Amino acid sequence: MKLRGYIAALLMACSLTSLAVAQSGTMRATGSAKYVPQLGDLMNSIQTRHIKLLFAGKAQNWGLAAYELGQLKAGLVEAAVMYEGIPVSNVTTMTAPIQSIDEAIAAKDGRRFAKLFSELTAGCNGCHQSMDRGYIVMRVPTEQPFSNQVFPPQGKP
Ligand code: HEC
């Protein structure tokens, strides 16, 4: 448990400067009946944040990008805390690209954002490979599947 706490602390120490609001979803303690999501389900939501992050950045919607990055990071923290089998190094290697993307978002630097997004994606695959999940291959998405959400910043011509 000590080790898990350490990993979570490491990830959380990479505080996101551009994310002004704290996590809005507070978990209510419900005694022993605490919901523990499967790792695959956590990863599915991380996948969603990964794709939304890219299209928020592409649309220069930096507020949304910061939000999605925060959600992605929170998902990884949860995975590290809940699942003992995840190697420490694979989680900690994600902190560098996450921190850099956060800086690119704060600087509204679209070019740097795109470059770092590839690095982040390589980090996903690095862990999948090292954990015998080499068949789960992530890539930089080309199409935006969420037609029910608006990605460009609103209030712009
Ligand atoms: C620290 C290790 C690690 C990192 C980092 C990681 N993953 Fe995973 N991922 C896993 C493991 C382990 C599984 C398989 C889970 C299982 O077997 O239930 C998985 C599964 C998945 C799946 C398959 C889910 C499904 O059920 O179809 C997707 C999609 C995925 N990861 C996306 C990502 C993305 C996107 C990133 C990067 C932003 C990422 N992962 C980073 C370890 C990792």
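This report walks through the helices, the iron site, the salt bridges and a few backbone oddities of one protein chain.

Keep in mind that this is a predicted model, in which local features need pLDDT of at least 70, side-chain atom pairs count only at pLDDT 80 or more, and totals for chains, interfaces and linings use all residues. Residues are numbered from 1 along each chain as its sequence is written, and side-chain values use heavy atoms, with hydrogens and water left out.

## The overall picture

Let's start with the big picture. The chain has six helices and zero strands, so to read it from the N terminus you just go α-α-α-α-α-α. Here helices (H or I, at least four residues) and strands (E, at least two) are DSSP runs, numbered from the N terminus. Of the 157 residues in the chain, 38% are buried. Buried means under 20% relative accessible area, exposed means over 50%, and partly exposed is in between (1.4 Å probe, protein chains only).

How far apart in sequence are the residues that touch? Take contacts between residues at least 6 apart in sequence: 75% of them join residues at least 24 apart. A contact means heavy atoms within 4.5 Å.

## The iron site

Which residues hold the iron atom of the ligand? Met43 (through SD) and His128 (through NE2) coordinate the iron, at 2.1 to 2.3 Å. Donors are N, O and S atoms within 2.8 Å of the metal (3.2 Å for Na, K and Ca); water is not among the atoms, so sites may look incomplete. The iron has six donor atoms, with angles of 87 to 178° among them, and its site is octahedral. For six donors, that label requires opposite donors over 155 degrees apart and all others between 65 and 115.

Methionine 43 sits in helix α2 (residues 39-58) and histidine 128 in helix α6 (residues 110-130), so this pair ties together parts that are 85 residues apart in sequence. Methionine 43 counts as partly exposed because its relative accessibility is 28%, while histidine 128 is buried at 13%.

## Helices α2 and α3

How does the length of α2 compare with what you'd expect? Its 20 residues, at 1.5 Å a residue, should span 28 Å, and its end C-alpha atoms are 29 Å apart, which agrees. The expected span is 1.5 Å times one less than the number of residues. Buried residues in α2 include Leu42, Ile46, His50 and Phe55. What covers the buried residues of α2 includes α3 (62-82), α5 (95-106) and α6.

Helix α3 passes the length check too: 21 residues should span 30 Å, and the end C-alpha atoms are 30 Å apart. This helix is mostly covered, with 15 of its 21 residues buried.

## Salt bridges

Side chains of opposite charge can pair when their charged atoms come close. How many salt bridges does the structure hold? There are two, where a salt bridge is a side-chain nitrogen of Lys or Arg within 4 Å of a carboxyl oxygen of Asp or Glu.

One is formed by arginine 49 and glutamate 68, with the closest N and O atoms 3.9 Å apart. This pair links distant parts of the chain, arginine 49 being in helix α2 and glutamate 68 in helix α3, 19 residues apart. Is each partner buried or exposed? Arginine 49 is partly exposed at 23%, and glutamate 68 is buried at 2%.

Lysine 115 and glutamate 119 form a salt bridge too, at 3.3 Å from N to O. Both lie in helix α6, four residues apart, about one turn of the helix. Lysine 115 is exposed at 55%, and glutamate 119 is partly exposed at 38%.

## Cysteines without disulfides

A search of the whole structure turns up zero disulfides, meaning pairs of cysteine sulfur atoms within 2.5 Å. Cysteine 124 is buried at 15%, and so is cysteine 127 at 14%.

## Positive phi angles

Most residues other than glycine have a negative phi. Here are some with a positive one:

| Residue | Phi | Place |
|---|---|---|
| Glutamine 60 | about 55° | just after α2 |
| Lysine 108 | near 50° | loop between α5 and α6 |
| Aspartate 132 | near 60° | segment after α6 |

Lysine 108 is exposed, with 56% relative accessibility. Aspartate 132 is exposed as well, at 66%.

How values were computed: Tetrahedral: all angles 85-135°; square planar, octahedral: opposite > 155°, others 65-115°.
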